[in-house]
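Please walk through the fold of this protein, taking a few of its elements and residues in turn and setting out how they are placed relative to one another.

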Amino acid sequence: QPMKASAHHLLEGIAKASITQAFGSPILWQKLAEAALTKGQSFPQVERLFLAGCATPPGVAEALKKVFPHAHIQIPYGATEALPLTQLDAESLIHAQTYPTHPGTYLGKALPGVTFTILPLDSDNNTPLPWETVGEVAVSGPIVSPAYDHLIEATHKVKFKDPQGRLWHRMGDVGVLDTTGGLWFLGRAIECVKNGPLTWYPDPCETVFLKHPLVKRAALIGLGPKHQQTPAIVIQPKDKAYLKNKAAKESLESALLTLARSHPATETIKTIFFRSTFPVDVRHNAKIHRLALAKEYTHKR
């Protein structure tokens, strides 16, 4: 539960022990960066930082560059079944967000020996889609595990061999491959919101709201039955005072709805919920349990 860790104690430990390398989830590094910037601290002796557990927001990378000015910030992508797949540095992540039509969060290019392809979503069809088409990310290479131990059905669901005999693993992530071979992350396939032919992807939608200076975290959820969902966004403000002051909360909600209307990915989102914390995975505190949130707010409607 890294979010319960003391930023003061961790930063103190980094300084006193002359730490040169460290690993943590993006949400933990965000906490440390915010604490250090508030106190005007920097740690020039740190040489390398690793961020993993979920997609890293560019704003976190920018903050870390200020706090750890000499550190090489590395952001690998992968899963327990296939790791590592890409290796991205903070500069490349930040630069990628300047692309005028970027579809999500940039993850980088495949490491040597690793091959990506994009497959149709919600389908057993293993025919690769054209570049710059949204679909499920699949990977092949020597780092892909061959099977789940004694779980034949689970193995068959996400692993397959192509006509050349190469083993592929479906990642469960929605992504796009650009024409340079760069991979972009749009969210987990199971957490996409769907209503007939329309689909809202978590990462592009949440990124819009995260641009607001008062927003700490955002989560896209779908209200209602599967494939007939209404998109909504759950917001965790940086200052909990906005949850207690009705006028302040209404003002923030109005600003966020205006922001939503200015972006194609979010222009149809008209419902916002506010809460002080999000349900997250225990290990990294990075992966938001969006389906749990969707169930909760659907029942409250």
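Contact here means heavy atoms within 4.5 Å. This is a predicted model, in which local features need pLDDT of at least 70 and side-chain atom pairs count only at pLDDT 80 or more, whereas totals for chains, interfaces and linings use all residues. Residues are numbered from 1 along each chain as its sequence is written, and side-chain values use heavy atoms, with hydrogens and water left out.

Lysine 194 lies in strand E11 (residues 193-195), where helices (H or I, at least four residues) and strands (E, at least two) are DSSP runs numbered from the N terminus. Leaving aside neighbours within four places in sequence, lysine 194 is in contact with Asp122, Thr199, Trp200, His227, Gln228 and Gln229. Because its relative accessibility is 11%, lysine 194 counts as buried, a term that means under 20% relative accessible area, with exposed over 50% and partly exposed in between (1.4 Å probe, protein chains only).

Burial also marks one face of the contacts made by helix H3 (residues 58-67), whose buried residues are Pro58, Val60, Ala61, Ala63, Leu64 and Val67. These buried residues pack against helix H2 (26-39), strand E2 (48-51), strand E3 (72-79) and helix H4 (90-96).The pairing of H2 with H3 can be described further: the two helices pack at an angle of about 45°, with their axes 9 Å apart, the axes being lines fitted to C-alpha atoms, for helices over the stretch in contact, and the angles running from 0 to 180 degrees between N-to-C directions. H2 and H3 are therefore oblique to each other, since angles under 35 degrees count as roughly parallel, over 145 as roughly antiparallel, 65 to 115 as roughly perpendicular and the rest as oblique. In this contact, Pro26, Trp29, Gln30, Ala33, Ala36 and Leu37 of H2 meet Val60, Ala63, Leu64, Lys66 and Val67 of H3.

Further along the chain, an open sheet of 3 strands has the order E13-E14-E15, with mixed pairing, and two strands pair if DSSP finds at least two bridges between them. Its edge strands, each pairing on one side only, are E13 (215-223) and E15 (272-274), and the twist averages 25° from one strand to the next. Helix H9 (residues 290-300) packs on the sheet, touching E13, E14 and E15, and its direction makes about 65° with that of E13. Strand E14 (residues 230-237) pairs with E15 in the parallel sense over 3 bridges, and isoleucine 233 stands opposite isoleucine 272 in E15.

The loop between E15 and H9 holds proline 279, which counts as partly exposed because its relative accessibility is 25%. Leaving aside neighbours within four places in sequence, proline 279 is in contact with Lys287, Ile288, His289 and Leu293.
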